[in-house]
Amino acid sequence: GRVIIDHLNLDTTYTIKAIPCTDYASEKCEPEKAKTLTFKTTGKAPKIDDIDKEVFIPFEIGWEAIPEANSYYYHLNGLETLIDKTSKTLFFPEVESDTEYSLKVKTCADKEGLNCGDYSSKTTFKTKKLETVKSLSTEKDHGVLYTKNRQVSFDEVEGASYYKYELKYIGDQNMKEEDMSKTCKDLKDLGSTEQIISRNSFHIDSLCPDKYEVSLTACLDSHCMDHGDKKTFSFKLETLQAPKGQKDKTGGLVPCNREYDDPNTAWDETLACNTSHVFLLVRLLFDFCLGRLLPAIFIVLLLYNGALYIFHLLINFENPAMDLMQKSKEIWKAVGIGFLIILLSWTVINAFLMFVDPSMSFFHNWWDPF
């Protein structure tokens with residue numbers, strides 16, 4: 001048989017005695033066959049699992065499972081929370097760093113948390129404060145960051161999920177502003193720029209040389225509302241120069257992805273190749289043709305024309321100028337047409353480059369990264 005018993009107290013031991021009877025009036029019973037049943041209602045205050053005296057966020061709290069319990073309340077610094085599990089991982093903002101907490105738990109017989117027992121004894125602990133970033137990768141290179149990769153990393157901080165970095169361009173304090181490029185002057189006038197990241201590294205987009213300052217802060221959340229102390233580092237952005245005796249490793253036709261930079265050019269050959277280097281390569285080829293190849297061809301043609309004049313003078317002494325003038329006209333006509341084609345080609349290419357980069361003037365080094 002089954003019986004429903006109401007109005008029981010939680011966490012209480014009860015005894016039930018059942019006597020078998022053969023009639024509904026319970027007049028014919030057999031006391032010698034009676035059975036006694038002892039049980040205890042749910043609601044016992046659970047024992048809280050051990051928690052370190054100091055913990056980093058996030059951390060887990062837990063307690064023993066009470067038989068027949070359907071829910072639990074945990075009480076954390078005055079705030080009650082109802083859950084149906086025996087453990088919970090606590091994150092910011094439910095808990096904050098560098099804060100003392102007290103925790104107690106009680107058991108409930110229903111899922112709604114209406115019938116609950118007494119709270120357990122308190123457990124106290126403290127969340128740790130986030131530490132500061134200890135070192136920057138540039139310190140291994142004596143405070144120098146080379147333009148070849150421009151990747152800066154730093155030590156991870158235990159307990160930190162995010163990092164905020166504030167980057168400021170200082171430049172060369174001995175350099176006058178009028179000697180700086182407009183890009184670098186604008187970057188210096190901009191002041192600090194900040195960003196919150198979820199990794200322990202960041203990339204320097206700028207190619208402006210010399211001194212930078214970066215401030216790093218370890219954070220618990222993506223808005224850096226809970227954070228540690230700020231620490232500031234400085235480094236210099238420089239190009240990697242070839243050691244003495246290895247100048248052959250600089251420069252080259254393709255002006256990128258080289259081991260060392262050529263200090264005689266306005267660009268940095270150590271940078272990784274990208275789309276802009278295609279235009280730079282085209283410009284270098286035209287500079288070579290216009291500045292070196294064509295003048296050499298012009299000199300050769302001039303010598304050839306002089307030799308032709310002397311040859312005709314010796315062969316056709318009576319009328320040396322007739323054939324010479326005709327040959328000269330043909331030669332210089334061909335040279336003029338060639339130069340005209342090159343000039344028109346350069347105009348078209350320059351117009352295209354101006355369309356790609358409207359701020360470029362006709363003779364401006366538009367590819368200059370500064």
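Here is a short walk through this structure, from the whole chain down to a few single residues.

Keep in mind from the start that this is a predicted model. The mean pLDDT of the chain is 82, and 78% of the residues reach 70 or more. One stretch to treat with care is residues 360-370, where pLDDT stays under 50. The model does have 25 contacts for that stretch beyond four places in sequence. Still, where pLDDT is low, the predicted coordinates should not be read in detail.

Now for the overall plan. The secondary structure of the chain comes to three helices and 16 strands. Of the 370 residues in the chain, 33% are buried. If you take the contacts between residues at least 6 apart in sequence, 61% of them join residues at least 24 apart. On the outside, the chain exposes about 23,900 Å², and carbon and sulfur atoms supply 54% of that area.

Let us go inside next. In soluble globular proteins, nonpolar side chains tend to be buried together. Here the largest nonpolar core has 46 residues. Y74, F202, V214 and L216 have the most contacts inside this core. Several strands each supply at least two of its residues: β4 (59-62), β5 (71-76), β8 (100-108), β12 (162-169), β15 (210-219) and β16 (231-238). Y74 is a good residue to pick out on your screen. Not counting residues up to four places away in sequence, Y74 touches a list of residues that includes I61, W63, L79, I83, L90, L103 and V105. The partners of Y74 also include E80, E94, K88 and K104.

Strand β15 is worth following a little further. T217 is found in this strand, and T217 counts as buried because its relative accessible area is 4%, below the 20% cut-off. Leaving aside neighbours within four places in sequence, T217 is in contact with Y162, Y163 and K164, and also with C224, H227, G228, D229 and K230.

One of those partners, C224, lies in the loop between β15 and β16. C224 is buried too, at 7% relative accessibility. Its backbone deserves a look: phi of C224 is near 55 degrees, a positive value in a residue other than glycine. D210, in strand β15, also has a positive phi, near 90 degrees. At 22% relative accessibility, D210 counts as partly exposed.

Why point these out? Most residues other than glycine have a negative phi, and most peptide bonds are trans. The chain has cis peptide bonds to show you as well. The bond from I57 to P58 is cis, with omega near 0 degrees, and P58 sits in the loop between β3 (54-55) and β4. Another cis peptide bond joins F92 and P93, with omega about 15 degrees. P93 lies in the loop between β7 (87-90) and β8.

Finally, come back out to the surface. F298, I299, L302, L303 and F339 make a nonpolar surface patch of about 490 Å². Helix α2 (residues 275-315) gives the largest share of this patch, four residues. F298 is in helix α2, and its 37% relative accessibility means that F298 counts as partly exposed. So the tour that went into a nonpolar core of 46 residues ends at nonpolar side chains on the surface.

Definitions and conventions
Residues are numbered from 1 along each chain as its sequence is written. This is a predicted model: local features need pLDDT of at least 70, side-chain atom pairs count only at pLDDT 80 or more; totals for chains, interfaces and linings use all residues. Side-chain values use heavy atoms; hydrogens and water are left out. Patches are made of residues with over 30% relative accessible area and no salt bridge: like charges are joined within 9 Å, nonpolar side chains (Val, Leu, Ile, Met, Phe, Trp, Tyr) within 5 Å. Accessible areas come from the Shrake-Rupley method with a 1.4 Å probe; for residues, only the protein chains shown count as cover. A salt bridge is a side-chain nitrogen of Lys or Arg within 4 Å of a carboxyl oxygen of Asp or Glu. Buried means under 20% relative accessible area, exposed over 50%, partly exposed in between (1.4 Å probe, protein chains only). pLDDT is the predictor's confidence in each residue, from 0 to 100. Contact means heavy atoms within 4.5 Å. A nonpolar core is a set of buried Ala, Val, Leu, Ile, Met, Phe, Trp, Tyr and Cys residues joined through side-chain atoms within 4.5 Å.
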